[in-house]
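Thanks for coming, everyone. Please bring up the model on your screens, and we will walk through it together.

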Amino acid sequence: MTEGADTMPGTPSDESEPNLARRRILTATTVAVGAVGVALAATPFIESLEPSEKARALGAPVTIDISRLKPKEMVVASWRRRPVYVLRRTEQELNELPQNNAILKDPLSNADQQPAKLPGWNPIQRSIVPEYLVVVGICTHLGCMPKLHAKAGDPLLGASWPGGYYCPCHGSRYDLAARVMDGSPAPLNLPVPPHYYRDEKTIVVGELSDGSEQNWEPNTW
Ligand code: FES
């Protein structure tokens, strides 16, 4: 309750404790969302369906519109003041994922980096609908935001690069299922948050369809 800035332009001057606390939460949320936009400026990006400020501040489930998401594109939303990446993968990319298993720390997602029960869960694709990867975009080393380098053999990452996420802070590498590669300082795969599909073009992040798992947390963010 005490972290974050004490002032926020355009807020009322009422200094009662509840209003002050609310302003602090809203300020922190705004900063987090701004950081997402800057850090991913070079990434194919479309807007998510924004939840209300109040819902976001409280860490409530958020709704993401994927109706305009094309193959190989990623949308970024904010949940619990953290970035959530939704990447639409191609069939070829999905078919190639098992080839990465030999160079991964946790190829079958054994660590608790996703809820224990995710209906439809595939531990190699790390998704409940194959083409859509939904992960929290926070590196499990020290918390930077990995960047998408979807193209195999990306010159920046070398001929053997299979496509995936690269963390610019200390070089952790993840494949297109957000599974961490051997030799990375990051110990774990990126977290997959509780989520479900309200319909084929709408993802709800922050709970399962029965309302459970709202308090879920991974081994590490
Ligand atoms: S924070 Fe990502 S490699 Fe260190």
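Start with Leu87. Its bridge partner in E5 is Leu133. That pair belongs to a longer ladder: E4 and E5 run antiparallel and share five bridges. A word of caution before we go on: this is a predicted model.

Now look at E5 itself. How many of its five residues are buried? Four of the five are, so to speak, under cover. Strand E5 covers 132–136, and strand E4 covers 82–88.

Next, the core. The largest nonpolar core has 37 residues. Which of them touch the most other members? Val84 and Val86 do. Several strands feed this core with at least two residues each: E2 at 62–65, E3 at 74–79, E4, E5, and E10 at 202–205. The top contributor is E3, which gives five residues.

Stay on Val86 for a moment. What does Val86 touch, leaving out residues up to four places away in sequence? The list is Ile64, Ile66, Leu69, Met74, Val75, Tyr132, Val134 and Ile203.

On to the sheets. A general reminder first: strands in a sheet pair through backbone hydrogen bonds, and they can do this parallel or antiparallel.

One open sheet has three strands, in the order E2-E10-E9, with antiparallel pairing. Strands E2 and E9, the latter spanning 195–199, are the edges, and each of them pairs on one side only. On average, neighbouring strands here are turned by 30 degrees against each other, direction ignored. Zoom in on E2 and E10. They run antiparallel and are joined by four bridges. One residue to find there is Val62, whose bridge partner in E10 is Val205.

Another open sheet of three strands goes E6-E7-E8, and its pairing is antiparallel. Why is one side of E6 and of E8 left without a neighbour in the sheet? Because E6, at 147–149, and E8, at 173–175, stand at the edges with a single partner strand each. The twist from one strand to the next averages 30 degrees. E6 and E7, residues 164–166, run antiparallel with three bridges between them. Look for Leu148: it stands opposite Tyr165 in E7.

Now some single residues. Take Arg80, in the loop between E3 and E4. Its phi is near 50 degrees, a positive value in a residue that is not glycine. Is Arg80 buried or exposed? It is buried, because 20 other C-beta atoms lie within 10 Å, and 20 is enough to meet the cut-off.

Compare Glu213, in the segment after E10. Glu213 also is not a glycine, and its phi is positive too, at about 70 degrees. It has 18 C-beta neighbours inside 10 Å, so Glu213 counts as partly exposed.

Last stop: Pro130. Where is it? Pro130 lies in the loop between helix H3, residues 91–96, and E5. With 13 C-beta neighbours inside 10 Å, Pro130 counts as partly exposed. Along the chain, Pro130 and Glu91 are 39 residues apart, yet their C-alpha atoms are separated by 8.7 Å. Leaving out residues up to four places away in sequence, Pro130 touches Leu94, Asn122 and Gln125.

That brings us back to the strand we opened with: the loop holding Pro130 runs between H3 and E5, and E5 pairs with E4.

Key:
Residues numbered from 1 in each chain as written. Predicted model: local features only at pLDDT ≥ 70, side-chain atom pairs only at ≥ 80, totals over all residues. Core = buried A, V, L, I, M, F, W, Y, C linked by C-beta atoms within 7 Å. Buried ≥ 20, exposed ≤ 12 C-beta atoms within 10 Å, placed from the backbone. Contact = placed C-beta atoms within 7 Å. Pairing = 2+ DSSP bridges. Axes fitted to C-alpha atoms, helices over the stretch in contact; angles between N-to-C directions.
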